[in-house]
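Q: Please take a close look at one part of this model: the enclosed space inside it. I would like to know what lines that space, and what ring contacts the lining residues make.

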Amino acid sequence: MTFHAQNHRVLAAGSGADRGSDLAASASDALQRAEAEIREVIEGRRLAWNAQDVAGYSQLLAVDAELTSATGKSAHGRDEILRLYADQRQGIYRDAAISSTVVERIKFVTTEVAVADATFVMTGVRTSTGALPSVEGVNSYLLVCRSGSWVIWSMRSVPKIAIGP
């Protein structure tokens, strides 16, 4: 169920003086459900990333998704993102785990497009100079609702300190 589809059902319901308050309550409920679904997608990404569950990670990405990794490397399209993920899991992220992702804000651009800002903490990152104790940063997500499911269309990871190549 999408926020958009829910609104269409809501608009058909109710009449008279109660209609305005019914619409507001239904829209608020739909918004809360959409926010919960978006939080689940972002947490699902963390869990799939940590478990090296490529199939699970893939399901959370739009086919035409794009990503900029915390290393500064970019990928365009789900397949390219998964190749970058696999390459980095063999290198700089081979022992890494995302210990937390905290969604700080979700803002709806439309009923089927949302921006989410989150902070992250990653441990086990290995650079050419050795292991880092932890890496903290910010993720910015653009999510879209397609066929009733929220997916990541764009993600940008910005660490507080550079961790590249």
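A: A cavity here is a set of grid points where a 1.4 Å probe fits but cannot get out. The model is predicted, and a search of the whole structure finds two such cavities of 30 Å³ or more.

The largest cavity holds about 160 Å³ of space. Its lining is made up of 17 residues, and those nearest its centre are Arg45, Trp49, Ser69, Tyr93 and Met155. Four elements each give two or more residues to this lining: helices H2 (18-51) and H4 (78-90), and strands S4 (113-123) and S8 (149-159). H4 supplies the largest share, with four residues.

By type, the lining has twelve nonpolar residues, four polar and one charged. Arginine is counted as charged, so the one charged lining residue is Arg45. Among the other residues nearest the centre, Ser69 falls in the polar class, and Trp49, Tyr93 and Met155 fall in the nonpolar class.

Turning to the ring contacts, the whole structure has four aromatic pairs. In one of them, Trp49 meets Tyr85 edge-to-face, with 5.9 Å from centre to centre and 65 degrees between the planes. Trp49 belongs to helix H2 and Tyr85 to helix H4, so this pair ties together parts that are 36 residues apart in sequence. Residues under 20% relative accessible area count as buried; Trp49 is therefore buried at 3%, and Tyr85 is buried at 6%.

Trp49 also pairs with Tyr93, again edge-to-face, at 5.4 Å centre to centre and 70 degrees between the planes. This pair links distant parts of the chain, since Trp49 is in helix H2 and Tyr93 is in the loop between H4 and strand S3 (97-110), 44 residues apart. Tyr93 has a relative accessibility of 3% and so counts as buried. Both partners of this pair, Trp49 and Tyr93, are among the residues nearest the centre of the largest cavity.

Ring pairs join Trp49, Tyr85 and Tyr93 with Tyr57 in a cluster. Trp49 has a further contact of another kind: the charged end of Arg89 sits over its ring, 4.2 Å from the ring centre.

Taken together, Trp49 is a buried residue that lies among those nearest the centre of the largest cavity, pairs edge-to-face with Tyr85 and with Tyr93, and has the charged end of Arg89 over its ring.

Methods: Residues are numbered from 1 along each chain as its sequence is written. This is a predicted model: local features need pLDDT of at least 70, side-chain atom pairs count only at pLDDT 80 or more; totals for chains, interfaces and linings use all residues. Side-chain values use heavy atoms; hydrogens and water are left out. On a 1 Å grid over the protein atoms alone, a cavity is a set of points where a 1.4 Å probe fits but cannot get out, and a pocket is an open set with protein on both sides within 12 Å along at least five of seven lines; lining residues have an atom within 4 Å of a point. Grid points are joined across faces, edges and corners, and a volume is the space filled by probe spheres set on the points. Rings of Phe, Tyr and Trp (its six-membered ring) pair if their centres lie within 6.5 Å; planes under 30 degrees apart count as stacked, over 60 as edge-to-face and the rest as tilted. Buried means under 20% relative accessible area, exposed over 50%, partly exposed in between (1.4 Å probe, protein chains only). A charge sits over a ring if NZ of Lys or CZ of Arg is within 6 Å of the ring centre and within 35 degrees of the ring normal.
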